[in-house]
Amino acid sequence: MAKEITYYGELRPTGVDSSMTRRLTALAGLADQVQDTAFQAGAERAEREGKREGLTAGQVAAAEGQPLEKREGILSAFSIKDNAYNDAMESAYLSQISVDSQEQMARIAAQYPDDVEAYGKAAQEARKGITSSIDPNYREVVGLTLDNVIQSYETKVFGNQVTKARDSANESRLANIETLGRKAANFARDGDVLQSDAAILELSAILDSMVASGDLTQERAAGKYQ
């Protein structure tokens, strides 16, 4: 430590100026902060680039029926860009496959809107075609997704089929009611009361069944019975 000699001959330690030390410490901290900021900015840029490239690669692979080619290896394992690329590519690939599959099943359902058997056969054929053309590593998960989509549209098709069958049956019953009404009137004009009553009884039974099933209101049934 520096010494100061007074005129009395006494040795006395001088004060230490710590301002320079504080400035150097502050500069060192600022340098670390700048370095951290630069690293973060670089990492974010690398992640954005990786995602952009991965999204494109995943969509192309799905459209062309090609397997995914991930960036692998020791360097890629620690690369922010490569990891972002792999994640984005896989996500885009599966998303595009899902969208294409749903569109295809929707077209099949539109082709067979009220025929469960025809829809089911066409849907299973489409499923085979889709799963055979995708990356083997994703066939199981895509297959499960397809099964859910197929089942969803099949439920709608079945509902349409039931409605169609019900409408057809109602048309047939209403036509039968009209026929029976004419027969009853003709039999009555001819004086054949027995046949007329039989036709009216059958007509009444049909009307009652339609009212009970909710296919005809009581008011409409009463109007047809008169």
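**Figure 1. Asn170, a buried residue of helix 5 in the predicted model.** Asn170 is found in helix 5, and in this predicted model its relative accessible area is 11%, which lies under the 20% limit, so Asn170 counts as buried. Once neighbours within four places in sequence are set aside, the contacts of Asn170 are with Met210 and Asp215. Met210 belongs to the span of helix 6, which covers residues 193–213.

**Figure 2. Helix 5 along its length, with the buried positions and the residue that follows.** Helix 5 runs over residues 139–189, and its 51 residues should span 75 Å at 1.5 Å a residue; the C-alpha atoms at its two ends are 74 Å apart, which agrees with that expectation. The buried residues of helix 5 are Val142, Gly143, Leu146, Val149, Ile150, Tyr153, Val157, Asn170, Ile177, Leu180 and Ala184. In an α-helix there are 3.6 residues a turn, so residues three or four places apart point the same way. After helix 5 comes Gly191, which has a positive phi near 80 degrees.

**Figure 3. The largest nonpolar core and the surroundings of Met105.** This core is made up of 22 residues, and those with the most contacts inside it are Leu68, Tyr93, Ile97, Met105, Tyr119, Val142 and Tyr153. Two or more residues are given to the core by each of helix 1 (19–64), helix 3 (80–111), helix 4 (116–132) and helix 5 (139–189), and helix 3 gives the most, with 7 residues. Not counting residues up to four places away in sequence, Met105 touches Tyr119, Ala123, Ala126, Arg127, Ile130, Leu146, Val149, Ile150 and Tyr153. A second core, separate from this one, has 9 residues and includes Ile177, Ala184, Leu203 and Leu216.

**Figure 4. Ser196 in helix 6 and its contacts with residues of helix 5.** Ser196 lies in helix 6 (residues 193–213), and with a relative accessible area of 6% this serine is buried. Leaving aside neighbours within four places in sequence, Ser196 is in contact with Ala184, Phe187 and Ala188. Among these, Ala184 is itself one of the buried residues of helix 5 and is also included in the second core, the one of 9 residues.

**Figure 5. Tyr93 and Tyr138, a tilted aromatic pair.** A search of the whole structure finds 1 aromatic pair, formed by Tyr93 and Tyr138, with the ring centres 5.8 Å apart and an angle of 55 degrees between the planes. The pair links distant parts of the chain, with Tyr93 in helix 3 and Tyr138 in the loop between helix 4 and helix 5, 45 residues apart. Both tyrosines are buried, and Tyr93 is also among the residues with the most contacts inside the largest nonpolar core.

**Figure 6. Ala92 of helix 3 beside Leu55.** Ala92 is found in helix 3 and, at 7% relative accessibility, counts as buried. Although Ala92 and Leu55 are 37 residues apart along the chain, their C-alpha atoms are separated by 5.3 Å. Leaving aside neighbours within four places in sequence, Ala92 is in contact with Leu55, Gly58 and Gln59, residues that fall within the span of helix 1 (19–64).

**Figure 7. Ser133 in the loop between helix 4 and helix 5.** Ser133 has a relative accessible area of 36% and is therefore partly exposed. Ser133 and Pro67 are 66 residues apart in sequence, whereas in space their C-alpha atoms are 8.9 Å apart.

**Figure 8. The whole chain, with its elements and the confidence of the prediction.** The protein chain contains 7 helices and 2 strands, which follow the pattern β-β-α-α-α-α-α-α-α along the sequence. Of its 226 residues, 24% count as buried, and the accessible surface comes to about 15,500 Å², with 54% of it belonging to carbon and sulfur atoms. Among the contacts with a separation of 6 or more, 58% are between residues 24 or more positions apart. The chain averages a pLDDT of 77, and 77% of the residues score at least 70; among its elements, strand 1 (residues 3–5) has the lowest mean pLDDT (46) and helix 4 the highest (92). Over residues 1–8 the pLDDT is below 50, and this stretch has 13 contacts in the model beyond near neighbours in sequence.

Note on methods: Residues numbered from 1 in each chain as written. Predicted model: local features only at pLDDT ≥ 70, side-chain atom pairs only at ≥ 80, totals over all residues. Heavy atoms only, no water. Core = buried A, V, L, I, M, F, W, Y, C linked by side-chain atoms within 4.5 Å. Buried < 20%, exposed > 50% of the residue type's maximum accessible area, 1.4 Å probe, protein only. Helix = DSSP H or I, 4+ residues; strand = E, 2+ residues; numbered from the N terminus. Contact = heavy atoms within 4.5 Å. pLDDT = per-residue confidence, 0-100. Phe/Tyr/Trp six-rings, centres within 6.5 Å; stacked < 30°, edge-to-face > 60°. Areas by Shrake-Rupley, 256 points an atom, 1.4 Å probe, with all protein chains shown as cover. Expected span 1.5 Å × (residues − 1).
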